[in-house]
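Hi,

Here is the structure I promised to pass on. Have a look at it first, and my notes follow underneath.

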Amino acid sequence: MAGLWLAMPQLVAVAPDEQTHILLPLGLWGIAAGLVHGIGYVPVLRIWRYLFSPYAGWPLMSLCAGLWLL
């Protein structure tokens, strides 16, 4: 998803409406969760462990990519 934003930034910046402003932080959170999981870091606190797990990251990335590409 980060590669998609780098290759085609017009997908995010086409319509500066409310939907884009809501989806951008969620998409970035999903990417951050994917990075944290991908490098193998396991947070100590349980809440951070869940928020940066692939169970939270993949649905956020999928939701944002699906809504942007529609």
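Below is what I found, starting with the whole chain and then going residue by residue.

First, a caution: this is a predicted model. The mean pLDDT of the protein chain is 80, with 71% of its residues at 70 or more. Confidence varies along the chain: among its elements, helix 4 (residues 46–51) has the highest mean pLDDT, 92, and helix 2 (residues 10–13) has the lowest, 66. Where pLDDT is low, the predicted coordinates should not be read in detail. Please keep that in mind when you look at helix 2, given its mean pLDDT of 66.

Now the overall picture. The protein chain contains five helices and zero strands, which gives the pattern α-α-α-α-α when you read along the sequence. It has 70 residues, of which 23% count as buried. The chain exposes about 5000 Å², and 74% of that comes from carbon and sulfur atoms. As for contacts, take those between residues at least 6 apart in sequence: 60% of them join residues at least 24 apart.

Helix 5 is a good place to begin. Helix 5 covers residues 54–69, so to speak, and its 16 residues reach 22 Å from first C-alpha to last, close to the 22 Å expected at 1.5 Å a residue. Its buried residues are Ala56, Gly57, Leu60, Met61, Cys64 and Trp68. Why do they line one face of the helix? Looking down the axis of helix 5, you find the buried residues within an arc of 115°, so they line one face. On the face turned away from that buried side sit the exposed residues Tyr55, Trp58 and Leu69.

Cys64 is worth a click if you are after cysteines. Cys64 belongs to helix 5, and its relative accessibility is 0%, so it counts as buried. Its C-alpha lies 9.0 Å from that of Gly30, although 34 residues separate Cys64 and Gly30 along the chain.

What does Leu23 touch, leaving out residues up to four places away in sequence? The answer is Cys64, Leu67 and Trp68. Two of those, Cys64 and Trp68, are listed among the buried residues of helix 5. Leu23 itself is part of helix 3 and is buried, with a relative accessible area of 4%. Leu23 also has its C-alpha 8.6 Å from the C-alpha of Leu63, and those two are 40 residues apart in sequence.

Next, Leu51, which is in helix 4. Is Leu51 buried or partly exposed? With a relative accessible area of 21%, and the cut-off for buried being under 20%, Leu51 counts as partly exposed. Beyond its neighbours within four places in sequence, Leu51 is in contact with Trp29, Ala33 and Ala56. Ala56 is one of the buried residues of helix 5. Gly30 turns up again here: the C-alpha atoms of Leu51 and Gly30 are 9.2 Å apart, with their positions 21 residues apart along the chain.

His37 is the other residue I would point you to. His37 lies in helix 3 (residues 18–38) and, at 47% relative accessibility, counts as partly exposed. Setting aside residues up to four places away in sequence, His37 touches Phe52 and Pro54. The C-alpha of His37 is 9.4 Å from that of Arg49, and these two residues are twelve apart along the chain.

Phe52 leads on to the aromatics. How many aromatic pairs does a search of the whole structure find? It finds one. The partners are Trp48 and Phe52, which are stacked, with 5.9 Å centre to centre and 25° between the planes. Both are partly exposed: Trp48 has a relative accessible area of 43%, while Phe52 is at 22%.

To pull a few threads together: Leu23 of helix 3 touches Cys64, Leu67 and Trp68, Leu51 of helix 4 touches Ala56, and the buried residues of helix 5 line one face of that helix.

Have a look when you get a moment.

Cheers

Key
Residues numbered from 1 in each chain as written. Predicted model: local features only at pLDDT ≥ 70, side-chain atom pairs only at ≥ 80, totals over all residues. Heavy atoms only, no water. Helix = DSSP H or I, 4+ residues; strand = E, 2+ residues; numbered from the N terminus. Expected span 1.5 Å × (residues − 1). Buried < 20%, exposed > 50% of the residue type's maximum accessible area, 1.4 Å probe, protein only. Arc of directions from axis to C-beta. Contact = heavy atoms within 4.5 Å. Areas by Shrake-Rupley, 256 points an atom, 1.4 Å probe, with all protein chains shown as cover. pLDDT = per-residue confidence, 0-100. Phe/Tyr/Trp six-rings, centres within 6.5 Å; stacked < 30°, edge-to-face > 60°.
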